[in-house]
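Here are my notes on the model you sent over. I've kept them as numbered points so you can follow along in the viewer.

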Amino acid sequence: MERIYMDHSATSPVSEQALEAMLPWFREEFGNPSAIYSYGQTGKNVLEDCRKRMAACLGALQTEIFFTSGGTESDNWVIRGACRARGGRGRHIIASAIEHNAVLRTLAQMEQEGFEVTYLRPDARGQITPDQLEAAVRPDTILISIMLANNVVGTVLDIPALSRVAAAHRIWFHTDAVQAVGHIPVRVRQLGVDFLSLSAHKFGGPKGVGALYCRLPNRLPPILTGGGQEKELRSGTENIPGIVGMTTALEESVRELPEESARLESMRDRLIRGACGIPGVALTGDPERRLPGFASFVVEGIGHSAHLVNALNERGICVSSGSACSAASREASHVLLALGYDHKSASGSLRVTLGRGNTPEQVERLLSLLPDVIAELRLEAKKEPVVAFGRRDRELGEDE
Ligand code: PLP
């Protein structure tokens with residue numbers, strides 16, 4: 001049976017080019033960039049070369065790019081750093097209610113430490129308006145964190161309009177662009193942000209490496225202290241192979257973006273049209289402002305969405321119920337609840353995210369399977385809702 005991977009927003013395969021570029025940095029050129037002999041110097045040189053190339057892809061300066069272990073660390077760094085740097089000035093933060101848990105759970109910790117957070121609820125499409133943000137601003141607001149693209153419904157938010165509100169009040173503005181970088185054009189000056197998080201494994205780079213764009217590098221204190229790497233701001237021996245892989249993958253994505261996003265959009269739109277033709281299936285997120293390969297739905301009457309993910313997996317197709325992080329959880333996605341779905345509809349969510357390896361034929365295969373799979377699950381859910389739920393959960397190993 002052909003295995004079809006359609007969960008690219010959870011993670012993507014490392015591109016051939018990125019892999020090839022990484023290999024010498026594991027084998028021949030494995031030196032620590034902090035060393036002064038030749039191995040170290042070669043590492044140091046490639047590190048700065050990557051920083052320059054990453055900056056060029058994002059329209060930033062080389063001095064504004066800092067390498068991290070991924071999106072989670074970048075998000076943590078901005079939030080914890082901002083609270084430390086500006087906590088004396090004010091203790092209020094604004095974020096959207098649909099942020100990734102890397103932001104939300106970090107904010108929850110900050111709340112325990114005496115900060116106050118206003119969570120903005122988006123409209124049904126996942127959008128937040130500048131007026132809404134303006135109304136939430138207080139004299140003691142020190143940080144606003146609103147994502148560029150959502151990882152559950154694929155909505156692309158209007159960050160240039162939102163960051164203008166922050167700039168008018170001189171409030172630091174951070175955007176989690178983990179789902180956006182490599183998929184839509186991302187230029188930091190056009191976005192008008194002070195900080196931007198990104199992660200390599202979402203655009204054909206390896207896992208465990210990312211970056212933080214900092215317009216104000218000297219104002220954000222480190223959260224990782226140690227050997228003083230990254231200009232004393234992020235200690236830890238640099239992940240040279242990972243950084244080389246990330247840089248190569250980002251350049252490749254940016255180069256291919258116009259053609260690839262048109263290809264993905266056409267497959268996505270076909271998928272949306274086909275799936276929404278099935279009674280009781282509806283699109284979630286913004287119908288217009290959404291990521292190119294991102295289709296997300298709620299499916300009525302199937303019980304928990306894990307049933308649908310499991311049934312498609314048995315037929316060789318890997319999709320998701322929402323974000324990878326909540327895949328094993330029975331809880332409905334906080335994003336869908338914030339968009340106004342009730343628990344019942346939100347628990348029947350389906351996310352199909354297309355990438356470089358997908359073809360129109362694969363989309364047709366999914367569409368040919370969906371009506372029968374959904375009909376079967378609805379029948380089962382109707383017949384024995386409680387028994388069916390329990391049995392399938394055990395199959396999924398969710399009880400452990
Ligand atoms: N932010 C968003 C929007 C994400 O989708 C993810 C990963 O799914 C992260 C942050 C975390 O990134 P990483 O896996 O690199 O830690």
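1. How far does a polar side-chain atom of His201 lie from an oxygen atom of the ligand? In this model, which is a predicted one, the distance comes out at 3.0 Å. With the protein around it, 87% of the 390 Å² of accessible area that the ligand has on its own is covered.

2. Two other polar neighbours of the ligand are worth a click. A polar backbone atom of Gly71 sits 2.8 Å from a ligand oxygen. For Gln179, an N or O atom of the side chain is 2.8 Å from an oxygen atom of the ligand.

3. Now the ligand shell as a whole. There are 13 residues around the ligand, and the ones that come nearest are Thr72, Asp176, Gln179, Ser199 and Lys202. Sorted by class, the shell has 8 polar, 3 charged and 2 nonpolar residues. Helix H3 (residues 71–86) supplies the largest share of the shell, with 3 residues.

4. Next, have a look at helix H2. This helix runs over residues 38–58, 21 residues in total, and reaches 30 Å from its first C-alpha to its last, close to the 30 Å expected at 1.5 Å a residue. Right after H2 comes Gly59, with a positive phi near 70°.

5. Which residues of H2 are buried? They are Gly40, Gly43, Val46, Leu47, Cys50, Arg51, Met54, Ala55, Cys57 and Leu58. Much of that list is easier to read with the helix repeat in mind: an α-helix has 3.6 residues a turn, so residues three or four places apart point the same way. The cover over the buried residues of H2 includes helices H1 (16–26), H7 (188–191) and H8 (240–276), along with strands S2 (65–68), S7 (195–199) and S8 (210–214).

6. Ser145 deserves a stop too. This serine is found in strand S5 and is buried, with a relative accessible area of 0%. What does its side chain pair with? A polar contact of 2.9 Å joins it to the side chain of His174. Leaving out residues up to four places away in sequence, Ser145 touches Ile94, Ala95, Ser96, Glu99, Val103 and His174.

7. Last one: Gly154, in the loop between strand S5 (141–145) and helix H6 (159–168). Is Gly154 buried or exposed? Buried, because its relative accessible area is 0%, and the cut-off for buried is under 20%. Beyond residues up to four places away in sequence, Gly154 touches Arg289, Arg290, Leu291 and Phe294.

Note on methods: Residues are numbered from 1 along each chain as its sequence is written. This is a predicted model: local features need pLDDT of at least 70, side-chain atom pairs count only at pLDDT 80 or more; totals for chains, interfaces and linings use all residues. Side-chain values use heavy atoms; hydrogens and water are left out. A residue is near a molecule or strand if one of its heavy atoms lies within 4 Å of it. A polar contact is a pair of N or O atoms within 3.5 Å; within protein, one must be able to donate a hydrogen and the other to accept it, and residues adjacent in sequence count only if both atoms are side-chain atoms. Accessible areas come from the Shrake-Rupley method with a 1.4 Å probe; for residues, only the protein chains shown count as cover. Helices (H or I, at least four residues) and strands (E, at least two) are DSSP runs, numbered from the N terminus. Ala, Val, Leu, Ile, Met, Phe, Trp, Tyr, Cys and Pro count as nonpolar, Asp, Glu, Lys and Arg as charged, and the others, Gly among them, as polar. The expected span of a helix is 1.5 Å times one less than its number of residues. Buried means under 20% relative accessible area, exposed over 50%, partly exposed in between (1.4 Å probe, protein chains only). Contact means heavy atoms within 4.5 Å.
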